[in-house]
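Visitor: Could you take me through a single part of this structure in detail? I would like to look closely at one place where two chains meet.

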Amino acid sequence: MSKVYIALQDNDESRYIVEAIEESNPDATVIHQPAMIRIERENRLVIERAVVEEKMGREWDVQELHINLITLGGNVDEDDDQFVLEWKQ
Amino acid sequence: MAAKKLNIKDKYRLLTRDLDWEFSYEDPKQAFPYEEFEGIKITDWSKWEDPFRLTMDSYWKYQAEKEKKLYAIFDAFSQNNGHLNVTDSRYVNAVKLFLTGVSPLEYQAYQGFAHVGRQFSGVGARVACQMQSLDELRHVQTQIHAMSHYNKFFDGFQEFSHMHDRVWYLSVPRSFFCDARSAGPFEFMIAIGFSFEYVLTNLLFVPFMSGAAHNGDMATVTFGFSAQSDEARHMTLGLEVIKFLLEQHEDNVPIVQKWIDKWFWRGTRLLTIVAMMMDYMLPNKVMSWKEAWEVYFEEAGGALFKDLARYGIRMPKYAETIEKEKEHISHQAWWTFYTHGHAAGFHTWIPSDEELDWLSAQYPDTFDKYYRPMWELAKEQEAKGERFYTSGLPQLCQTCQIPMLFTEMDNPNQNSMRDYLYQGERYHFCSDGCCDIFKEEPEKYVQSWLPVHQIFQGNCGGPGVGEVLSDYYRMNVGVDNMDIKGSPDEVRWNKWKGVA
Amino acid sequence: MPVYALNPGYQGERMDRVENFHGNQIVYLGWDEHRMFCAAKAFPLPPSMPFAALIENIMPEAFGQHPEFKQINWDSAEWLLDGEPFKPQADVSLADQGVGHKSLIRFKTPELTGYQGAGV
């Protein structure tokens, strides 16, 4: 098993995205570093549009993630409803 | 009937498939002449998948939003004299090195991706490379804009592009990209798209940029993270291209492995400069180079190679050497720049006592034994009024062009040196890794433009090193270079800060 | 293994041929286990230079800044020329004792272990 990870800029929008990630992936680890937030989890991490929208209280396009994204590790699969990071080993 | 709103997958399919055409009366081989000579076999380009499925309209929309945010911050930074908020005047030297050594690589990446984006016959790959090419152009522009503010207040920023093409240590990053761009399109994608973007740029743009934030540099962290938000897409492209090549044909596997071995080694050597920036040039430390290496190379890269094992791909060659070197290279590099501080386009210094203790704590197995004595010697010389600037010019590695400063990992007191005879001429290398790369393609690396040899050949002005620095490199000698102590940068900083 | 090239028979131009150095040849000098000097140093030298002149004129320029330099006993120094053990002959020219273009001359000083005995 390996970890997938994603890092977001530490700002107001990311705060809701991080909350949504924690809700969708309860055992994910959230690490705060200067100006950024790194989230890692064994093997798979999912960001669900519906959960982010609920946290933000507005419509959210999955591709808006690009604006606050810093880096990631894992195979990406993105569609209209979710963004998945995964290792396939 | 109202048009049905397309989902991301459909939109992307329409963009990348329906905009392409068949060659009915021209030979596709003439339209894409670079696609076969590297030996890579593509049987079906339609298998290409871009997981982000970004279409041009979304691309422009999100890039525009990123730019608006970025330039609002640049304005605020400059209107509020943001340069006064950095930790101290030493920090700014990391930014100088970034502008002269890294930003021009963004421009080279732009050129490289524009080229390969024309050369692939698969339209999905072409679109992705085109977007990346535009991204890279955006990166170099935003970086120059961000750092132009520092240029108003500090020395050493004024001739960055001129210097990039000439200065001895800048030949290292420059030749790295020239090597990749003069390779075929598939090797370029493995070199830059995969090895460099997927694993190595993380070390520059994530922990180092976090470090910039930690040192009060709002402009740099902002362009860094803004660039890095594109980088996540580039990383995904890099991973996609390697999986695509490996799935297309089993004959591609050994070729790709050889490129991975080459480019991870080349990239590791290149990052020596980032190691030094993190451990020595950030007054406020976020993490050591060693720790960053463990997180972003060993852990993240390790997971990646486990994922690729199913295709028969193994870890890059010399991974064991690389693992040991993480304890050494930042110290060796800063010592090299410190002792060549008269020939550098930025200032150097002896780490403070607190910093030396931090280094001891971060590198318990190596720092006190091998590197602290150097700084004790430097302090002794400085106290005598003989700040140590080494005489003469160093021997350079034919492949990476770095002075031969690396040491043997089984005897870290001894420089590592390899040589090889090719067509009766002797060539020198810093490592087995660099020597192997030369042996694979000697016809290419005999052309290395080694700055030291070029000076001796009389191609860089002169005759003395002083004239090379001032006339050929366009350094403002006595202002841009030498120790930070007593430099105009330091004098101005102390005046702004009201320090006597 | 040849370069991957668009056209067969590709051969790049050798940038550092000895003819490009105006009658000199490049010689690299390295003092083993003395890391005060980050790397071996490069010098353009006439091939006719006797080894004695190299010791007398070039060595101080290369390594004279080291606090141990004055204590070097050149008679007991151990030498490597391009990786092979080597006994320099003081009155013989570099070329005549096998020091060629881009040769690397390394020497060890067993009684001198560097600043603080740390190989610096």
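Guide: Happily; what follows is a close look at one residue and the interface around it.

Please keep in mind that this is a predicted model. Let us start at B:Q457, which sits in the loop of chain B that runs between α21 (451–456) and α22 (465–472). Is this residue buried or exposed? B:Q457 has a relative accessibility of 8%, and because buried means under 20%, it counts as buried. Its side chain reaches across to chain C, where the backbone oxygen of C:M15 lies at 2.9 Å. Setting aside neighbours within four places in sequence, the contacts of B:Q457 are C:M15, C:D16, C:N20, C:F21 and C:H22.

Now let us step back to the interface as a whole. Here 62 residues of chain B are in contact with 46 residues of chain C. About 4600 Å² is buried between these two chains, and carbon and sulfur atoms give 53% of that area. On the chain B side, our residue belongs to the group that loses the most area to chain C: B:E443, B:F456 and B:Q457 together make up 13% of what that side buries.

Polar and charged links also join the two chains. Between chain B and chain C there are 30 residue pairs in polar contact, counting those with both residues at pLDDT 80 or more. The salt bridges between them number 3; in one, the side chains of C:R14 and B:E425 meet at 2.4 Å, N to O. Which helix gives the largest share of the chain B side? That is helix α18 (residues 367–383), with 9 residues. By residue type, the side of chain B that touches chain C divides into 28 nonpolar, 21 polar and 13 charged.

Helix α18 of chain B also holds a salt bridge of its own, between B:D368 and B:R372, with the closest N and O atoms 3.0 Å apart. These two residues are 4 apart in the helix, so about one helical turn separates them. B:D368 is partly exposed at 44% relative accessibility, whereas B:R372 is buried, with a relative accessible area of 18%.

One more feature of the interface is worth finding on your screen. Strand β1 (residues 393–394) of chain B pairs with strand β2 (residues 41–45) of chain C, in the antiparallel sense and over 2 bridges. Within this pairing, B:L393 stands opposite C:A42.

Notes. Residues are numbered from 1 along each chain as its sequence is written. Chains are lettered from A and ligands numbered from 1 in the order in which they are written. This is a predicted model: local features need pLDDT of at least 70, side-chain atom pairs count only at pLDDT 80 or more; totals for chains, interfaces and linings use all residues. Side-chain values use heavy atoms; hydrogens and water are left out. Buried means under 20% relative accessible area, exposed over 50%, partly exposed in between (1.4 Å probe, protein chains only). A polar contact is a pair of N or O atoms within 3.5 Å; within protein, one must be able to donate a hydrogen and the other to accept it, and residues adjacent in sequence count only if both atoms are side-chain atoms. Contact means heavy atoms within 4.5 Å. Buried area is the accessible area (1.4 Å probe) that two parts lose on being put together, summed over both. A salt bridge is a side-chain nitrogen of Lys or Arg within 4 Å of a carboxyl oxygen of Asp or Glu. Ala, Val, Leu, Ile, Met, Phe, Trp, Tyr, Cys and Pro count as nonpolar, Asp, Glu, Lys and Arg as charged, and the others, Gly among them, as polar. Two strands pair if DSSP finds at least two bridges between them.
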